[in-house]
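Visitor: Please pick one part of this model and look at it closely. Then work outward from there.

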Amino acid sequence: LQICKIDYESKLLNLIEERKMPTMFKHARGSTCGFSYKDEIWFVTHMVSYETPRHYYHVLVLLEEHTWRPLSYSQSFYFDKVGIEFCIGFNIVDDNYMFWISRFDRDPMCVIAPQKCLPLCFDALC
């Protein structure tokens with residue numbers, strides 16, 4: 001995990017700190033922006049299995065809000081079907097996860113699931 005700061009004068013991205021993450025995260029790609037919830041930063045990332053069509057597997061990740069220290073993460077999951085799925089938005093509303101996804105770059109869908117259905121079960125501290 002690289003923590004960077006934008007220098008608006010020079011228009012450069014400066015590396016502030018690197019945090020060790022579990023090995024599986026070297027395969028992580030983009031997904032959602034993080035948001036603050038209960039003093040933590042929550043976001044969704046995904047890993048890609050390169051077959052035809054590609055398979056996307058998502059993971060919830062939590063960081064400590066003020067230090068960005070990795071706290072925990074979920075098992076990998078998919079939303080609708082194994083295939084090309086992007087998570088383009090994520091929030092927590094009334095103890096439910098709310099995800100906005102896109103399948104094959106089309107067919108957007110909102111997926112709502114109780115938090116207990118996708119527990120954060122791995123300790124990210126290394």
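Guide: What follows starts at one strand and moves outward through loops, cysteines, charged pairs and a surface patch.

The model is predicted: local features need pLDDT of at least 70, side-chain atom pairs need pLDDT 80 or more, and totals for chains, interfaces and linings use all residues. Numbering runs from 1 along each chain as its sequence is written, and side-chain values use heavy atoms, without hydrogens or water.

Start with strand β5, residues 40-49. Strands here are DSSP runs of E with at least two residues, numbered from the N terminus (helices: H or I, at least four). Trp42 sits in β5. Its relative accessible area is 5%, so Trp42 is buried. Buried means under 20%, exposed over 50%, and partly exposed in between (1.4 Å probe, protein chains only).

The surroundings of Trp42 come next. Beyond its neighbours within four places in sequence, Trp42 is in contact with Cys33, Gly34, Phe35, Tyr37, Val61, Leu62, Phe90, Ile92, Tyr97, Gln115 and Leu120. Contact means heavy atoms within 4.5 Å. The Trp42 side chain also reaches the backbone oxygen of Tyr37, at 3.4 Å. Side chain to side chain, Trp42 and Glu40 make a polar contact of 3.3 Å. That term covers N or O pairs within 3.5 Å; within protein, one atom must be able to donate a hydrogen and the other to accept it, and residues adjacent in sequence count only through side-chain atoms on both sides. Ser72 is 30 residues from Trp42 in sequence, and the two C-alpha atoms are 9.9 Å apart.

Further along β5 is Thr45. Thr45 has 5% relative accessibility and so counts as buried. Its side chain reaches the backbone oxygen of Arg29 at 2.5 Å. Apart from neighbours within four places in sequence, the contacts of Thr45 are Phe25, Ala28, Arg29, Gly30, Ser31, Tyr57, His58, Val59 and Val61.

A loop also meets this part. Thr32 lies between β3 (29-31) and β4 (35-37). At 12% relative accessibility, Thr32 is buried. A polar atom of its side chain is 2.9 Å from the backbone nitrogen of Val44. Setting aside residues up to four places away in sequence, Thr32 touches Phe43, Val44, Cys87, Ile88, Gly89 and Phe90.

Now the cysteines. The structure has zero disulfides, a disulfide being two cysteine sulfur atoms within 2.5 Å. For Cys4, the nearest cysteine sulfur belongs to Cys33, 15 Å away. For Cys110, it belongs to Cys87, at 9.9 Å. Cys4 is partly exposed at 35% relative accessibility; Cys110 is partly exposed at 40%.

Charged pairs follow. The structure holds four salt bridges, each a side-chain nitrogen of Lys or Arg within 4 Å of a carboxyl oxygen of Asp or Glu. Among them is Arg19 with Glu17, at 2.6 Å, N to O. Arg19 is buried at 19%, while Glu17 is partly exposed at 33%. Glu64 and Arg69 meet at 3.1 Å. Glu64 is partly exposed at 26%, as is Arg69 at 30%. Asp107 pairs with Arg106 at 3.8 Å.

Finally, the surface. Ile6, Tyr8 and Leu13 form a nonpolar patch with about 380 Å² of accessible area together. Patches take residues with over 30% relative accessible area and no salt bridge, joining like charges within 9 Å and nonpolar side chains (Val, Leu, Ile, Met, Phe, Trp, Tyr) within 5 Å. Areas use the Shrake-Rupley method with a 1.4 Å probe; for residues, only the protein chains shown count as cover. Tyr8 lies in the loop between β1 (2-7) and β2 (12-18). At 65% relative accessibility, Tyr8 is exposed.
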